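Colleague: I should like to learn how to read a protein model, one feature at a time. May we begin with burial and end with the pocket?

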Amino acid sequence: MFKGCWDWMILVATFYVAIAVPYNAAFVKTDRLTMVSDVVVEALFIVDILVNFRTTYVSRKGEVVSDSKSIALNYLRSWFIVDLLAALPFDHLYASNVISGEYKS
């Protein structure tokens, strides 16, 4: 039950990022509410990574794997890199000039 609700929440957060973030970047002056909602969504993605390290999976033999080490290795080999890149706050890094190599003093 928890995992199903969690997945729906992550799906809604993904739609928010896909629609609201580009719209806000193009047409809306950044305000406090926008920044807070962006940080909340990024935090959800980071927590999702932690949840996925503890979520069982079905092996190729059809068995449910609940061993923590096997779960972690499976996740690292599959979706971890994609999830990590999705969770990185590129917009905040860019806004603080970390990505461009320039630092504000």
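**Reading burial, core and pocket**

Modeller: Of the 105 residues in this protein, 23% count as buried. Please keep in mind that the model is predicted.

Colleague: What area does the protein expose, and which atoms supply 68% of it?

Modeller: The exposed area is about 8,000 Å², and carbon and sulfur atoms supply 68% of it.

Colleague: How many helices and strands are there, and what pattern do they follow along the sequence?

Modeller: The protein has five helices and two strands. Read along the sequence, the pattern is α-α-β-β-α-α-α. As for how the chain meets itself, one takes the contacts between residues at least 6 apart in sequence; of these, 51% join residues at least 24 apart.

Colleague: How should I approach the nonpolar core?

Modeller: The general idea is that nonpolar side chains tend to be buried together in soluble globular proteins. In this structure, the largest nonpolar core consists of 11 residues: W6, I10, A13, V41, L44, F45, I49, V51, Y75, F80 and A87. Two or more of these residues come from each of α1, α2 and α4 (80-87). Helix α2 gives the largest share, five residues.

Colleague: Why does F45 count as buried?

Modeller: F45 counts as buried because its relative accessibility is 11%, and the cut-off for burial is under 20%. This residue lies in helix α2. Leaving aside neighbours within four places in sequence, F45 is in contact with I10, A13, T14, V17, A86 and A87. The C-alpha atoms of F45 and D83 are separated by 7.4 Å, although the two residues are 38 apart along the chain.

Colleague: Which residues does F80 contact, leaving aside its neighbours within four places in sequence?

Modeller: F80 is in contact with I49, F53 and Y75.

Colleague: Is I71 buried or exposed?

Modeller: I71 counts as buried, because its relative accessibility is 4%. Its place is in helix α3. Not counting residues up to four places away in sequence, I71 touches N52, F53, R54, T55, T56, Y57, V65 and S66. Between I71 and F53 the C-alpha to C-alpha distance is 6.3 Å, with 18 residues of separation in sequence.

Colleague: How does one read a pocket?

Modeller: Rolling a probe the size of a water molecule over the atoms shows where empty space is left. Here the largest pocket holds about 290 Å³ of space. It is lined by 14 residues, of which K3, N52, Y75, W79 and D83 are the closest to its centre.

Colleague: Which helices each supply at least two residues of that lining?

Modeller: They are α1 (2-27), α2 (32-52) and α3 (68-77). By class, the lining has five nonpolar, five polar and four charged residues.

Colleague: Which residue should I locate to connect the core with the pocket?

Modeller: Y75 is one of the core residues, and Y75 is also among the lining residues closest to the centre of the largest pocket.

Key
Residues numbered from 1 in each chain as written. Predicted model: local features only at pLDDT ≥ 70, side-chain atom pairs only at ≥ 80, totals over all residues. Heavy atoms only, no water. 1 Å grid on protein atoms, 1.4 Å probe; cavity = no way out; pocket = protein on both sides within 12 Å on 5 of 7 lines; lining within 4 Å. Points joined across faces, edges and corners; volume = space filled by probe spheres on them. Helix = DSSP H or I, 4+ residues; strand = E, 2+ residues; numbered from the N terminus. Nonpolar A, V, L, I, M, F, W, Y, C, P; charged D, E, K, R; others polar. Buried < 20%, exposed > 50% of the residue type's maximum accessible area, 1.4 Å probe, protein only. Contact = heavy atoms within 4.5 Å. Areas by Shrake-Rupley, 256 points an atom, 1.4 Å probe, with all protein chains shown as cover. Core = buried A, V, L, I, M, F, W, Y, C linked by side-chain atoms within 4.5 Å.
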